[in-house]
Amino acid sequence: MHIENRTFDELKVGDSAELRRLVTADDLLAYANVSGNHNPLHLYDQDGDGDGRPEAMAPGSYVSALVGAVLGNVLPGAGTLYRAQSWVFHARIFADDEIVMRVTVTDKNERDTTVTLATEVRRIGDDALVLSGVAEVLAPRRKIEYNSHDLPGLIVQRHRHFEKLLRKAEPLKALRTAVVCPEEPNSLGGALKARAHTLIDPILIGSTAKIVEVATAMGVTLDGIEIIEEPLHRNAARKAVELVHEGRAQAIMKGHLHTDMLLRPILDKQTGLRMGRRFTHIFVMDVPGHPQPLLVTDAAINIAPDLKTKVDITQNAIDLAISIGVEQPKVGVLSATETVNPDIPSSIDAALLSKMADRGQITGGLVDGPLAMDNAVDIAAARTKGITSAVAGQADILVVPNLDAGNMLAKQLTYISHAEAAGLVLGARVPIILNSRADDDMSRLASCAVAALHHARVSGHAA
């Protein structure tokens with residue numbers, strides 16, 4: 001943000017300025033840490049008034065501080081100092097509310113260069129008055145310009161969405177899971193941690209000697225865990241499929257083998273686990289600062305999906321979003337543009353998917369497209385483009401044009417935005433848990449939690 005102040009001599013009665021802000025749960029967490037105000041009314045995962053629901057209500061001092069941002073950044077701007085401030089609160093705001101803060105010059109005092117301003121905060125959408133007051137400030141005499149991008153950034157690194165999924169999944173009966181070739185520390189450790197959280201009941205398939213050697217090196221016990229000897233990876237994958245057919249496994253989990261080797265017997269038309277829909281991959285992502293989990297699909301299986309495949313991609317993602325607690329998932333079908341362009345095939349597919357949802361060919365969610373990335377996830381960007389829909393700016397699911405786009409998007413969120421990703425394949429008789437070698441413990445646990453929640457819903461055993 002480029003900041004240029006208004007000096008006392010430049011100010012006139014009637015001058016006005018405003019800023020807008022989307023209040024997020026992470027904003028309130030950061031403010032709680034900085035201010036020391038840990039009132040549970042203000043925290044996303046706490047019930048501060050005993051009504052059984054977390055509030056995530058913005059503290060009054062936080063709201064008033066946002067008025068200070070207008071005074072310090074815009075009017076009068078850099079160099080401004082408070083003398084006095086009065087507040088009256090008329091309504092409350094919560095995480096995910098968007099607000100506008102306005103200040104208006106009402107008086108100037110030449111003797112001491114003080115300026116009086118009327119201040120107010122309103123909620124965007126219903127224009128409800130949240131706060132009104134009067135500020136008296138010392139206005140700057142000297143002209144100042146600077147770029148606020150030089151200010152160090154702050155990321156609230158907390159896996160609040162995944163933590164919620166774990167809490168939701170842990171009371172369920174452990175998912176009997178065939179873990180294929182857990183022959184190195186990450187894959188074996190992930191399965192054992194998921195077992196400790198009562199998410200899965202693992203059956204380990206692979207080289208018994210290698211599995212035991214890894215467990216010994218890690219200092220963990222395999223007591224009470226079934227191990228099936230299948231030293232060849234392709235045979236281990238086939239054995240996992242057999243366990244599903246026999247009713248002994250309710251999910252399959254990837255260990256230390258290539259994804260294509262795991263999927264080959266699962267996709268076999270005669271003996272595999274096909275159910276009619278295309279197999280599609282979904283990342284459930286916990287993105288710091290984002291108000292809800294974000295599902296990205298397809299980032300690992302379907303390279304250049306046609307429209308028919310995209311229907312299955314979209315439907316599988318909606319089904320999974322419902323399983324993790326999203327009542328009516330909002331699906332943003334991505335393209336490079338938010339309007340249909342015959343020269344951009346993804347924009348045509350997006351429009352067709354949207355219309356197919358309108359006609360009941362895709363069910364359970366709201367589908368809109370084409371949407372560019374910015375106006376799919378950012379309300380302000382959608383409004384700037386004049387896009388009005390129930391999905392724009394609020395998408396729970398992002399359907400990408402192809403595997404390249406999905407893979408890049410998921411890795412950008414992971415490595416630049418510090419997101420965690422839980423990977424799952426749907427379309428088979430059972431959920432397939434796909435972990436990457438780079439996944440940490442939280443990603444592996446969340447993948448198992450998501451699989452358990454989905455299995456519980458489709459089998460009618462949800463908590």
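**Figure 1. Domain layout of the predicted model.** In this predicted model, the domain assignment divides the protein into domain 1 (1-145), domain 2 (159-274) and domain 3 (277-426). Between the C-alpha centres of domain 1 and domain 3 the distance is 35 Å. Five residues of domain 1 and seven residues of domain 3 take part in the contact between these two domains.

**Figure 2. The interface of domain 1 and domain 3.** The size of an interface is often expressed as the accessible area lost when the parts come together. Here domain 1 and domain 3 bury about 430 Å² between them, and carbon and sulfur atoms account for 45% of that area. On the side of domain 1, the greatest losses of area to domain 3 fall on Asp26, Asp96 and Glu98, which together make up 64% of what that side buries.

**Figure 3. Charged and polar pairing across the interface.** One salt bridge is found across the interface of domain 1 and domain 3. A salt bridge joins the side chains of Glu98 and Arg383, with an N to O distance of 2.4 Å. The interface also holds one residue pair in polar contact, with both residues at pLDDT 80 or more. Sorted by class, the residues of domain 1 that touch domain 3 comprise one nonpolar, one polar and three charged.

**Figure 4. The cis peptide bond at Pro76.** Leu75 and Pro76 are joined by a cis peptide bond, for which omega is about 0°. Pro76 belongs to the loop that runs between helix 2 (60-73) and strand 3 (81-89).

**Figure 5. The cis peptide bond at Pro370.** A cis peptide bond leads from Gly369 to Pro370, and its omega is near 5°. Pro370 is part of strand 15 (residues 366-371). Most peptide bonds are trans.

**Figure 6. The backbone at Thr198.** Thr198 is a residue other than glycine with a positive phi, near 60°. Its place is in the loop between helix 4 (185-196) and strand 9 (200-206). Most residues other than glycine have a negative phi.

**Figure 7. The span annotated as MaoC-like.** An unreviewed UniProt entry gives the annotation "domain: MaoC-like" to residues 18-121. The C-alpha atoms at the two ends of residues 18-121 lie 9 Å apart. Helix makes up 24% of this span and strand 33%.

**Figure 8. The span annotated as Phosphate acetyl/butaryl transferase.** For residues 234-451, the unreviewed UniProt entry lists "domain: Phosphate acetyl/butaryl transferase". The end C-alpha atoms of residues 234-451 are 23 Å apart. Within this span, 40% is helix and 17% is strand.

Notes. Residues are numbered from 1 along each chain as its sequence is written. This is a predicted model: local features need pLDDT of at least 70, side-chain atom pairs count only at pLDDT 80 or more; totals for chains, interfaces and linings use all residues. Side-chain values use heavy atoms; hydrogens and water are left out. Domain bounds come from an automatic or database domain assignment. Contact means heavy atoms within 4.5 Å. Buried area is the accessible area (1.4 Å probe) that two parts lose on being put together, summed over both. A salt bridge is a side-chain nitrogen of Lys or Arg within 4 Å of a carboxyl oxygen of Asp or Glu. A polar contact is a pair of N or O atoms within 3.5 Å; within protein, one must be able to donate a hydrogen and the other to accept it, and residues adjacent in sequence count only if both atoms are side-chain atoms. Ala, Val, Leu, Ile, Met, Phe, Trp, Tyr, Cys and Pro count as nonpolar, Asp, Glu, Lys and Arg as charged, and the others, Gly among them, as polar. UniProt positions are given in the numbering used here, feature names are shortened, and annotations may be inferred rather than shown by experiment. Helices (H or I, at least four residues) and strands (E, at least two) are DSSP runs, numbered from the N terminus.
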